[in-house]
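This report describes a protein–DNA model, taking the DNA strands, the chain contact and the fold in turn. The sequence and structure come before the discussion.

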2 protein chains.
Amino acid sequence: MKNNDDKLISRNMKPTAMRELVLNALLEQNVAISLSDLEKKFDKADKVTLYRTLKTFEENKLIHSIDDGTGSVKYALCAENCQCNPHDLHVHFFCIKCKHTYCLNDTPIPSVTLPLGFEIKTINMVVKGTCANCKE
Amino acid sequence: MKNNDDKLISRNMKPTAMRELVLNALLEQNVAISLSDLEKKFDKADKVTLYRTLKTFEENKLIHSIDDGTGSVKYALCAENCQCNPHDLHVHFFCIKCKHTYCLNDTPIPSVTLPLGFEIKTINMVVKGTCANCKE
DNA sequence: AATAACTTTGCAACTTGGTTGCATAAACTT
DNA sequence: AAGTTTATGCAACCAAGTTGCAAAGTTATT
């Protein structure tokens, strides 16, 4: 757990019990997770606390949020030294069968040429379909 | 208005008064519009009716919906013969200054190579930044 | 033209995700 | 140990999206 403390500290957050639990939950996960998913993983935990914990994690770039079009925002751990710059960004994949949202960490977002005068700041790219596990 | 009737009829919808009004509102617009935006354009109109009208339009591929990450789904007219297939899809642009969501109809979504076993069905790609109008 | 059958509209009410305010508890400072 | 800051928990709220049901409007059938 010392390990996780360091993760929090290196991102300028105090390693409280709550934060460790949440970070742990995120580490266990190989898919992105919503606030209510997270809530279900704890017997007794206040939604607001979890909400604020996620917000704090996000602000400090320990996790990033994904809008996968399901209506609930998902969260996933950032890579070690991620600064959430455009070139840090990867494609996300939503499986319409198992409803899981994956970070395709090795699939960078392809570049787009925008019309004149449009300036890019960030991109959200979500591919939907069936994942490797659900392929029949 | 006969014009619009045809649009509705050709997409297999009965041209009711409500639908014509909504279609008209959409035609006036050069940006995508949310349900509550639409609501504001009518003095007296039930949210649910507008909601169902949009749903009907979407089902019949007269409009498409865009999840621009703002938390409210936007809608915009499809091109004439759009079938909303992956190759019909275009990039959307959300301007962080004026908060408008544009269809970049001439900017097709670039192709991505997914990890083995992942099969693409559709893509949502939203670029965020500043639009041509907001460029200083 | 009258009745039946179906479709669309409007109202009420609800669900869910996200959020704020405030009081308590915990941690850090001196 | 007292005071200050930070984190947590509860209640309550807001907005977006949605469903059920009854009334109004349309279309089809005789």
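A residue counts as near a molecule or strand if one of its heavy atoms lies within 4 Å of it. By that rule, 17 residues surround DNA strand D, the closest being T16(A), M18(A), R52(A), Y51(B) and V73(B). Of the atoms of DNA strand D that come within 4 Å of the protein, 58% belong to sugar and phosphate.

The model is predicted: local features need pLDDT of at least 70, side-chain atom pairs count only at pLDDT 80 or more, and totals for chains, interfaces and linings use all residues. Residues are numbered from 1 along each chain as its sequence is written, chains are lettered from A and ligands numbered from 1 in the order in which they are written, and side-chain values use heavy atoms, with hydrogens and water left out.

**DNA strands**

DNA strand C is surrounded by 18 residues, and the closest are Y51(A), V73(A), T16(B), M18(B) and R52(B). Sugar or phosphate holds 62% of the atoms of DNA strand C within 4 Å of the protein, and bases hold the rest.

Several polar contacts to the two strands can be listed. A polar contact is a pair of N or O atoms within 3.5 Å; within protein, one atom must be able to donate a hydrogen and the other to accept it, and residues adjacent in sequence count only if both atoms are side-chain atoms.

| Protein residue | Protein atom | DNA atom | Distance |
|---|---|---|---|
| R52(A) | polar side-chain atom | base oxygen, DNA strand C | 3.0 Å |
| V73(A) | polar backbone atom | phosphate oxygen, DNA strand C | 2.7 Å |
| T16(B) | side-chain N or O atom | phosphate oxygen, DNA strand C | 2.7 Å |
| T16(A) | side-chain N or O atom | phosphate oxygen, DNA strand D | 2.9 Å |
| R52(A) | side-chain N or O atom | base oxygen, DNA strand D | 2.4 Å |
| V73(B) | polar backbone atom | phosphate oxygen, DNA strand D | 2.8 Å |

The R52(A) side chain thus appears with a base oxygen of DNA strand C and with a base oxygen of DNA strand D.

Elements are named from DSSP runs, numbered from the N terminus: helices are H or I runs of at least four residues, and strands are E runs of at least two. Near DNA strand D, α2 (17-28) and α4 of chain A and α4 of chain B each supply at least two residues of the surface. α4(B) gives the most there, with 5 residues. On the surface near DNA strand C, α4(A) has the largest share, also 5 residues.

Residue classes were assigned as follows: Ala, Val, Leu, Ile, Met, Phe, Trp, Tyr, Cys and Pro are nonpolar, Asp, Glu, Lys and Arg are charged, and the others, Gly among them, are polar. The surface near DNA strand C has 6 nonpolar, 5 polar and 7 charged residues. For DNA strand D the surface has 5 nonpolar, 5 polar and 7 charged residues.

**Contact between the chains**

Contact here means heavy atoms within 4.5 Å. Chain B contributes 33 residues and chain A contributes 33 residues. Buried area is the accessible area (1.4 Å probe) that two parts lose on being put together, summed over both. Between chain B and chain A this is about 2600 Å², with 66% from carbon and sulfur atoms. On the chain B side, F118(B), E119(B) and N124(B) lose the most area to chain A, together 19% of what that side buries.

A salt bridge is a side-chain nitrogen of Lys or Arg within 4 Å of a carboxyl oxygen of Asp or Glu. The rule finds 2 salt bridges across the interface, one of them between E119(A) and K135(B) at 3.9 Å, N to O. It also finds 11 residue pairs in polar contact, both residues at pLDDT 80 or more. On the side of chain B that touches chain A, β4 (90-95), β5 (101-108) and β6 (119-130) of chain B each give two or more residues. β6(B) gives the most, with 12 residues. The residues of that side divide into 19 nonpolar, 9 polar and 5 charged.

Two strands pair if DSSP finds at least two bridges between them. β6 (residues 119-130) of chain A pairs with β6(B) in the antiparallel sense over 11 bridges. Within this pairing, I120(A) has G129(B) as its bridge partner.

**Fold of chain A**

Chain A has 4 helices and 6 strands, in the sequence pattern α-α-β-α-α-β-β-β-β-β. Its C-alpha trace spans about 50 × 40 × 25 Å along the principal axes. An open, antiparallel sheet of 3 strands in chain A has the order β1-β3-β2. β1 (33-34) and β2 (63-66) of chain A are at the edges with a single partner strand each, so one side of each has no neighbour in the sheet. β2(A) and β3 (residues 74-77) of chain A run antiparallel and are joined by 4 bridges; in β3(A), K74(A) is the bridge partner of I66(A).
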